[in-house]
Amino acid sequence: MLWTACEKAGKMAASWRLGCDPRLLRYLPGFGGCRSRGLTRGAAGWSVGLGASRRWFHSTQWLQADPIKILMPSLSPTMEEGNIVKWLKKEGEAVSAGDALCEIETDKAVVTLDASDDGILAKIVVEEGSKNIRLGSLIGLLVEEGEDWKHVEIPKDIGPSLPASKPPVPSPSPELQISAPVKKEHIPGKPQDALKLLQLKQMGKIPESIPAPAPPAIPIEPLPPPAITKPSYPRPMFPPLSTPGQPNVGTFTEIPPSNIRRVIAKRLTESKSTVPHAYATADCDLGAVLKVRQNLVRDKIKVSVNDFIIKAAAVTLKQMPDVNVSWDGDGPKQLPFIDISVAVATDKGLITPVIKDAAAKGIQEIANSVKTLSKKARDGKLLPEEYQGGSFSISNLGMFGINEFTAVINPPQACILAVGRSRPVLKLTQDEEGNARLQQCQLLTVTMSSDSRVVDDALATRFLESFKANLENPIRLA
C-alpha cells in the first residue's frame with residue numbers, strides 16, 4: 001500500500017513537471033515503475049531522468065509545429081477554380097521563399113505558384129492533373145527545416161476541395177407514388193329509384209311515353225391525335241444510352257470544358273443578358289496606312305495593320321475620354337489610363353492580353369508588345385497583370401477572311417471594336433482636273449459594340465468618325 005501511494009505521488013509530481021496527464025506517464029520510457037533507471041527520487045519527490053525525458057520529447061509529436069498550408073490561390077479576378085497542371089517540387093525537397101512550387105491553370109492562363117516561406121515540401125495533398133479545385137482548398141503542406149516531414153498529418157480543416165456534386169433528389173417513397181383509389185361517392189336513393197321505376201314499368205303502371213331519367217353527365221375526353229404513319233425502316237422503342245467520352249451510333253460525346261472555356265461561357269452569357277449592346281459600323285480606307293507600312297518594311301521595321309488600328313483606337317480614346325469609361329456596379333467610371341485589350345485566339349479559348357498606356361507608345365513598340373504577349377498567351381504563360389484590366393477591347397478576325405462581325409462587350413469595359421478584313425473596292429473619285437474616275441481602294445469594315453448605359457449612339461458615332469479620320473491619316477498617330 002505504501003509503495004503504491006509512493007508510486008502514485010511520484011507520477012503525479014512528474015506529470016506536473018511535464019504538464020501532461022498522469023495516465024500517460026506509464027508509456028514514458030523508463031517510467032513503468034519506481035525501480036526504473038529513468039526515474040530518480042529527490043527531495044521534491046519522483047522525477048524523470050534527463051535521458052528518458054529527452055528521448056520521450058523527441059519521440060512524441062506534441063512539440064512538432066503545425067505545418068504551413070499551401071492553399072489554392074486566387075490568381076485572377078474571375079477565378080473560382082483551378083487545375084493543378086504540374087508539381088515542380090517533390091515531397092521531401094527543400095523549398096526557399098520565391099521558388100516555383102507548381103503550375104496552376106486558371107480561367108485565363110497557366111500561372112506558376114511561388115512559395116512564400118522556407119521549408120520542406122512535406123505533403124502533396126492534391127496531385128497534378130487534378131481539376132476544378134476550389135479557391136482556398138488545401139493542395140500541399142510545408143514544414144520547417146529539421147522537422148520530421150515524413151510523418152506530417154493533414155489538418156482536418158482543409159477547407160473547400162473539389163466542387164461538391166449536387167445532392168441527388170430523393171425519389172418519393174413507394175407509398176407516395178401509389179395513388180389512393182378514388183372513392184366513388186354513393187348517392188342514396190338513386191339506384192333504388194331506378195330499379196323501382198323499372199319494376200313499375202313492367203307492371204304497366206308507368207306508360208312507355210314517360211322519359212327515362214337522364215343519365216349522369218360523363219366528361220368527354222379529348223380525341224387522340226391522329227396516328228402517324230410509321231416509317232418503313234425499323235426504329236428502336238427507346239433511344240440508346242450515351243456514355244460520356246465514348247461515342248455511340250446516334251449519340252453524342254461529352255467534351256469536358258476547360259476553366260477558360262467555362263469562364264468565357266459564363267461571362268459572355270452575363271454580358272449579353274445584362275449589358276444593353278448597341279452597334280455602329282464604319283468603312284475605313286487603308287490606302288495611306290499601307291503606304292506607310294511599305295516604307296517601314298523598307299527600313300526593316302515590321303508592323304501590321306492591326307498595330308495601326310490599336311494606335312488609332314488609343315489616340316481616339318485620348319481625344320474622347322467620355323468613351324474611355326466602364327460600368328462598374330451602380331454607375332459609370334472615368335478611367336485615367338488607356339489600356340487596350342487585344343483578343344488572342346488560343347487552343348483553350350480566347351484571352352485578351354493588355355497593351356498598357358497604348359496612346360503613349362509608338363507603332364513599333366505596340367507591334368513588339370503584341371507579338372510578345374500573343375506568344376505568351378498561346379503558350380499559357382501570361383502573368384495576371386498582363387491580362388487583367390483594360391479600358392477598351394479590339395477583336396480582329398480579318399486574318400481569317402471575315403469581312404465584318406459584331407463582338408460581345410467584355411464587362412466592365414464599355415466598348416469593343418470588331419475588325420474585319422481589308423478588301424479591294426472600286427470607288428468613284430475625281431482627279432486633279434475634276435474628272436470622275438474609278439479607283440481601287442482597300443476598305444476595312446469596323447463595328448463597335450458599346451454599352452448604351454454609358455456610350456449612347458451619338459457618342460459612338462462621333463468616336464467612329466474620329467477613329468476613321470485617325471486611321472486614314474496615319475501621320476496623326478506619330
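These are my notebook entries on a predicted model, written as I looked things up one by one.

**Entry: the core**

I began with the inside. The largest nonpolar core holds 71 residues. I139, I340, F392, L417, F467 and L471 are the ones with the most contacts inside it. I then checked which element gives this core its largest share, and found helix 7 (residues 305-319), with eight residues.

I picked F467 for a closer look. Setting aside neighbours within four places in sequence, I found F467 in contact with C284, I309, A312, A313, T316, L417 and V446.

**Entry: salt bridges**

How many salt bridges are there? I counted eleven. I noted three pairs, and where their partners sit.

The first pair on my list is E80 with K266, whose side chains meet at 2.6 Å, N to O. E80 is in the loop between strand 3 (68-71) and strand 4 (81-87), while K266 is in helix 5 (residues 259-274), so this salt bridge ties together parts that lie 186 residues apart in sequence. K266 is partly exposed, because its relative accessibility is 40%.

Next I looked at K381 and E103, where the closest N and O atoms of the salt bridge are 3.7 Å apart. K381 belongs to the loop between helix 8 (363-378) and helix 9 (384-387), and E103 to strand 6 (residues 100-105), so the pair ties together parts 278 residues apart in sequence. I compared the exposure of the two partners: K381 is partly exposed at 42% relative accessible area, whereas E103 is buried at 16%.

Then came D283 and R423, a salt bridge with its closest N and O atoms 3.9 Å apart. D283 is part of strand 11 (residues 277-285) and R423 is part of strand 19 (residues 415-430), so here the parts tied together are 140 residues apart in sequence. D283 is partly exposed, with 34% relative accessible area, and R423 is buried, with 19%.

I also noted a network: K89, E93 and D99 are joined by salt bridges that share partners.

**Entry: T429**

I stayed with strand 19, since T429 is found there too. Is T429 buried or exposed? I have it down as buried, because its relative accessibility is 17% and the cut-off for buried is under 20%. Its side chain makes a polar contact with the side chain of Q439, at 3.3 Å. Leaving out residues up to four places away in sequence, T429 touches N435, A436, R437 and Q439.

**Entry: cysteines**

I searched the whole structure for disulfides and found zero. I looked up two cysteines anyway. C102 is buried, at 0% relative accessibility, and C415 is buried as well, at 1% relative accessible area.

**Entry: an open sheet**

Which strands form the open sheet I looked at, and in what order? There are four strands, ordered 3-10-8-5, with antiparallel pairing. Strand 3 and strand 5 (94-95) are the edge strands, each pairing on one side only. Inside the sheet, I followed strand 8 (residues 119-124) and strand 10 (residues 138-143), which run antiparallel and are joined by four bridges. I120 has V143 in strand 10 as its bridge partner.

**Entry: G329 and P412**

I turned to G329, in the loop between strand 12 (325-328) and strand 13 (331-334). G329 is exposed, with a relative accessible area of 56%. I checked its separation from P412: the two are 83 residues apart along the chain, and their C-alpha atoms are separated by 8.8 Å.

P412 itself sits in the loop between strand 18 (392-396) and strand 19. The peptide bond from P411 to P412 caught my eye, since I found it to be cis, with omega near 5°.

**Entry: positive phi**

My last lookup was for positive phi values in residues other than glycine. K300 has a phi near 60°. K300 lies in the loop between helix 6 (287-298) and helix 7, and is exposed at 76% relative accessibility.

D357 also has a positive phi, of about 50°, although it is not a glycine. I located D357 in the loop between strand 17 (354-355) and helix 8. Its relative accessibility of 43% makes D357 partly exposed.

Key. Residues are numbered from 1 along each chain as its sequence is written. This is a predicted model: local features need pLDDT of at least 70, side-chain atom pairs count only at pLDDT 80 or more; totals for chains, interfaces and linings use all residues. Side-chain values use heavy atoms; hydrogens and water are left out. A nonpolar core is a set of buried Ala, Val, Leu, Ile, Met, Phe, Trp, Tyr and Cys residues joined through side-chain atoms within 4.5 Å. Buried means under 20% relative accessible area, exposed over 50%, partly exposed in between (1.4 Å probe, protein chains only). Helices (H or I, at least four residues) and strands (E, at least two) are DSSP runs, numbered from the N terminus. Contact means heavy atoms within 4.5 Å. A salt bridge is a side-chain nitrogen of Lys or Arg within 4 Å of a carboxyl oxygen of Asp or Glu. A polar contact is a pair of N or O atoms within 3.5 Å; within protein, one must be able to donate a hydrogen and the other to accept it, and residues adjacent in sequence count only if both atoms are side-chain atoms. A disulfide is a pair of cysteine sulfur atoms within 2.5 Å. Two strands pair if DSSP finds at least two bridges between them.
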